[in-house]
Amino acid sequence: MASMQSLDVVARSATTTPSPQVRTNAPQLAKLIDESKCIGCKACQVACMNWNDLRDEVGSNIGVYDNPVDLTPSSWTVMKFFEVTPEQTGSQGGLEWLIRKDGCMHCEDPGCLKACPSPGAIVKYENGIVDFISENCIGCGYCVKGCPFDVPRISAKDNKAYKCTLCSDRVAVGREPACVKTCPTGAISFGTKDSMVAYGEKRSGELRERGFQQAGLYNPAGVGGTHVMYVLKHADKPGLVGLPKDPSVSPMVSLWKGVAKPLALAAMLGAVVAGFFHYMKVGPVEEKSSEKEEA
Amino acid sequence: MASRSNGRMLRRYEDRDRMNHWFIVLMFLLAGLSGLAFFHPSLYFLSNLFGGGPWARILHPFMGVLMVLGFIGLAARLWRANVVTAEDREWRRHMGDMLKGNKAAMPPVGKYNYGQKLVFWTMVASLLVLLVTGFVFWRPWFAPYFPVDVLRIAALLHSVSAVLLIVATIVHVYAAIWVHGTTRAMTRGTVSEDWARANHPLWHKEVTGGR
């Protein structure tokens with residue numbers, strides 16, 4: 001699978017010319033994960049394994065429900081469980097159990113794609129999905145450095161990076177992602193970005209009426225918004241569920257993969273060109289130039 | 001005129017230093033070309049020289065480490081002659097004259113002039129940074145032991161010092177071409193007495209005893 005030929009590519013890693021993007025009618029898509037509706041059943045993890053033919057190693061129990069403990073090259077989505085106290089949330093009420101389905105956020109401005117040195121190893125389709133084209137991956141790990149959400153995982157088996165594809169193969173033929181299809185409580189929905197933002201705002205409003213005064217939509221502007229969004233009960237404190245408060249691509253990565261590239265090329269080429277013209281203007285330092293003085 | 005030109009050759013480098021130098025050159029070219037492939041999309045084609053992206057990624061650190069090992073051997077024998085002294089300040093003040101081709105204005109120098117010393121220490125510093133940062137994000141063996149913020153800083157410093165090393169090397173190569181008679185110091189190990197008298201008079205005095 002080189003890429004989804006039926007989808008336009010709006011951004012392609014390590015590529016300086018436009019990618020195929022003649023189609024104009026593809027809507028921006030998004031997945032919305034409603035934390036307040038999630039019961040932590042992990043059906044989404046199973047559906048992800050099933051559709052993508054992934055079977056992770058059987059791990060070990062660490063005393064909580066998290067299993068596997070973290071994203072891996074073969075577990076592209078993982079339920080993470082958080083026990084939070086009223087002191088932590090800053091709200092009335094008792095102990096809360098928050099559950100978040102972790103995985104790629106499909107940033108509008110993807111740091112992984114910016115950092116990737118291999119042409120076409122990471123693409124962003126016009127619908128907003130950020131996809132790893134594994135056959136072009138060289139295993140350098142730059143995507144890991146570019147990601148503000150700590151998502152890409154590199155397999156020890158093949159040294160290729162893996163993450164959630166947002167079921168780009170299903171979406172390309174008009175289906176919803178596998179996790180969306182399987183979720184028994186309707187906590188995961190999928191549709192156009194606009195409709196998902198509207199629905200997320202509506203759900204947040206409902207939660208605020210029910211007493212979660214800080215409920216809101218997590219669609220961080222620092223990465224241009226995301227194509228996976230959350231409805232959080234405590235949107236003022238995304239750290240409660242392990243999300244960065246105001247994520248953005250690291251300035252180190254922006255510098256390294258931004259302004260440093262043309263400047264360094266100019267410096268290296270400039271040194272060669274300057275040397276050439278210096279020689280032509282001044283001429284060589286001859287071996288015997290001292291003899292006249294000494295004679 | 002040319003009365004003192006006698007065709008005598010002076011030894012400037014031992015064979016082992018020359019062979020080490022050319023080993024470093026080869027490793028510099030290999031590590032440099034494979035590294036540049038990852039630096040800018042327009043240079044990615046260079047990875048084909050190494051059998052494609054994954055192979056360039058795999059080989060690059062090994063060639064880099066070999067380059068540094070060779071350089072350590074060379075630097076151990078040359079660093080003393082490259083210590084910057086008070087006299088170098090005078091030469092530095094006249095650097096503009098040197099570039100204009102006005103060699104007569106330059107104060108006499110020993111084995112290395114200030115420009116050469118500057119290139120030497122730039123190479124020492126950039127190779128040290130390249131070595132340390134390169135280990136930090138060397139996949140798959142060392143990168144997993146460092147937090148991602150450290151990896152980001154390492155990658156940035158690695159590319160900055162690589163560019164510094166490349167620019168210093170361009171200056172180094174150009175100076176050797178520009179000052180005629182220099183390259184044979186490394187290709188043959190010797191330089192002409194005229195060359196030594198003209199470019200490194202104090203060194204000439206030192207090796208000939210002033211004769």
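## Fold, domains and interface of a two-chain predicted model

In chain A, residues 24 or more positions apart account for 63% of the contacts with a separation of 6 or more. The structure is a predicted model, with an ipTM of 0.90 and a pTM of 0.91. For chain B the mean pLDDT is 94, and 96% of the residues score at least 70.

**Overall form of chain A.** The secondary structure of this chain comprises 10 helices and 11 strands. Its radius of gyration is 25 Å, well over the 19 Å that the globule rule gives for 295 residues, so chain A is more spread out than a compact globule. Along the principal axes, the C-alpha trace of chain A spans about 100 × 45 × 40 Å. Of the 295 residues in chain A, 42% count as buried.

**Domains.** Both chains are divided into two domains, as tabulated here.

| Chain | Domain 1 | Domain 2 | Separation of C-alpha centres |
|---|---|---|---|
| Chain A | residues 9–249 | residues 255–294 | 50 Å |
| Chain B | residues 12–78 | residues 84–211 | 17 Å |

Within chain B, the contact between the domains takes 14 residues from domain 1 and 15 residues from domain 2. On the side of domain 1 of chain B that touches domain 2 of chain B, the elements giving two or more residues are α1 (15–39) and α2 (53–78) of chain B. Of these, α1(B) gives the most, with seven residues. By class, this side of domain 1 of chain B holds seven nonpolar, four polar and three charged residues.

**The interface between the chains.** In the contact between the two chains, 43 residues of chain A meet 45 residues of chain B. Four helices of chain A give two or more residues to the side that touches chain B: α4 (142–146), α8 (251–257), α9 (260–282) and α10 (291–294). The largest share of that side, 11 residues, comes from α9(A). Sorted by class, the side of chain A that touches chain B has 23 nonpolar, 11 polar and nine charged residues. The bounds of α9(A), 260–282, fall inside domain 2 of chain A, which runs over 255–294.

**Helix α1 of chain B.** This helix has 25 residues and reaches 35 Å from its first C-alpha to its last, close to the 36 Å expected at 1.5 Å a residue. Its buried residues include I24(B), M27(B), F28(B) and L30(B), as well as L36(B), F38(B) and F39(B). Also buried are A31(B), G32(B), S34(B), G35(B) and A37(B). The buried residues of α1(B) pack against α9 of chain A, and also against α2 and α6 (148–178) of chain B. Helix α1(B) thus has a part in two settings: α1(B) gives seven residues to the side of domain 1 of chain B that touches domain 2 of chain B, and its buried residues pack against α9 of chain A.

**An exposed arginine in chain B.** R89(B) is located in helix α3 (residues 86–93) of chain B. This residue counts as exposed because 11 C-beta neighbours lie inside 10 Å. The C-alpha atom of R89(B) is separated by 7.9 Å from that of Y114(B), a residue 25 positions apart along the chain.

Terms used:
Residues numbered from 1 in each chain as written. Chains lettered and ligands numbered in written order. Predicted model: local features only at pLDDT ≥ 70, side-chain atom pairs only at ≥ 80, totals over all residues. Domains from an automatic or database assignment. Contact = placed C-beta atoms within 7 Å. Nonpolar A, V, L, I, M, F, W, Y, C, P; charged D, E, K, R; others polar. Expected span 1.5 Å × (residues − 1). Buried ≥ 20, exposed ≤ 12 C-beta atoms within 10 Å, placed from the backbone. pLDDT = per-residue confidence, 0-100. Rg over C-alpha atoms; globule rule 2.2 N^0.38 Å.
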